[in-house]
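Please work through the exercises below with the sequence and the coordinates at hand, and compare each solution with your own reading of the atoms.

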Amino acid sequence: MTDREQYTPGPASGAQVKKDGEMWTLILVRELRHKPEKVWRALTEPAHLREWAPFDADRSLATVGAKVKLTMMSAPTPRVSEITVMRADAPKVLEYNWGDANTRWELEALGSGRRLTLWHGLDRRFIAMGAAGWHICFDVLDRLLSGTPIGRFAGVEVMKLSGWQLLHKEYAKQFGIRPATLTPRVAGGPDRNA
């Protein structure tokens, strides 16, 4: 059995939400043991993002003003969004607009390692789903940076993990909301209903 097949995420932790109407901000924190430059490359470079993030990027995110196409891995077809990098202060802060909200990554010194904090705006109905997905992405990122990559889990594939299902429920409980339900669409792709 491979490391990927044996992967199970840890318990829901390190997350909180900032509530503002229907758009909430997920704040997810993870401590990493890796050098800031290495983490920065993983956050900004397409080849690295392909290994852990829920999207592919058509160019680097390391330049302010860059227009970058992010392709979300979803079924039945990938979704493409164009984002604009608003801040790229290597290796500390990366911020870009994504849909109706901003996404911000911040790296802070923490002993011999780093604290990575993500702020990601989401529709409140899907905030627990987002927390579960990003939690798994952070696990995969940490393994990639440690030199033991397991490959990303994204789109429908990540929702099939029993660990994702549990994380989704745990985060929903922590945030004081009901877990979103997933029902199949006629066309065959997932449909998310609150």
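The exercises that follow treat helices, their contacts and some single residues.

This is a predicted model, in which local features need pLDDT of at least 70 and side-chain atom pairs count only at pLDDT 80 or more, while totals for chains, interfaces and linings use all residues. Residues are numbered from 1 along each chain as its sequence is written, and side-chain values use heavy atoms, with hydrogens and water left out.

**Exercise 1.** Determine what span helix 4 should have, and set this against the distance between its end C-alpha atoms.

Solution. Helices (H or I, at least four residues) and strands (E, at least two) are DSSP runs, numbered from the N terminus. Helix 4 covers residues 127-145, which makes 19 residues. The expected span of a helix is 1.5 Å times one less than its number of residues, so that helix 4 should span 27 Å. Its end C-alpha atoms are 26 Å apart, in agreement with that value. After helix 4 comes Gly147, whose phi is positive, near 85°; most residues other than glycine have a negative phi.

**Exercise 2.** Describe how helix 4 and helix 6 are oriented, and list the residues through which they meet.

Solution. Begin with the axes, which are lines fitted to C-alpha atoms, for helices over the stretch in contact, with angles running from 0 to 180 degrees between N-to-C directions. The axes of helix 4 and helix 6 (residues 162-175) come within 8 Å and cross at roughly 130°. Angles under 35 degrees count as roughly parallel, over 145 as roughly antiparallel, 65 to 115 as roughly perpendicular and the rest as oblique; helix 4 and helix 6 are therefore oblique to each other.

Next, take the contacts, where contact means heavy atoms within 4.5 Å. From helix 4, Ile127, Ala128, Met129, Ala131, Ala132, Gly133, His135 and Ile136 take part, and they meet Trp164, Leu167, His168, Tyr171, Ala172 and Phe175 of helix 6. By class, this contact has eleven nonpolar, three polar and no charged residues, where Ala, Val, Leu, Ile, Met, Phe, Trp, Tyr, Cys and Pro count as nonpolar, Asp, Glu, Lys and Arg as charged, and the others, Gly among them, as polar.

**Exercise 3.** Is His135 buried or exposed, and which residues does it contact beyond its neighbours within four places in sequence?

Solution. Buried means under 20% relative accessible area, exposed over 50%, and partly exposed in between (1.4 Å probe, protein chains only). His135 is found in helix 4, of which 18 of the 19 residues are buried. At 3% relative accessibility, His135 itself counts as buried. Leaving aside neighbours within four places in sequence, His135 is in contact with Pro9, Gly10, Pro11, Ala12, Ser13, Leu28, Arg30, Leu167 and Tyr171.

**Exercise 4.** Assign Leu43 and Lys169 to their helices, and decide for each whether it is buried or exposed.

Solution. Leu43 lies in helix 2 (residues 36-44) and is buried, with a relative accessible area of 3%. Not counting residues up to four places away in sequence, Leu43 touches Leu49, Trp52, Leu61, Leu94, Trp105 and Leu116. Leu43 and Leu94 are 51 residues apart in sequence and 8.2 Å apart in space, C-alpha to C-alpha. Lys169, placed in helix 6, is exposed, with a relative accessible area of 52%.

**Exercise 5.** Find the residues joined by a cis peptide bond.

Solution. Ala90 and Pro91 are joined by such a bond, with omega about -15°. Pro91 belongs to the loop between strand 5 (79-89) and strand 6 (93-98).
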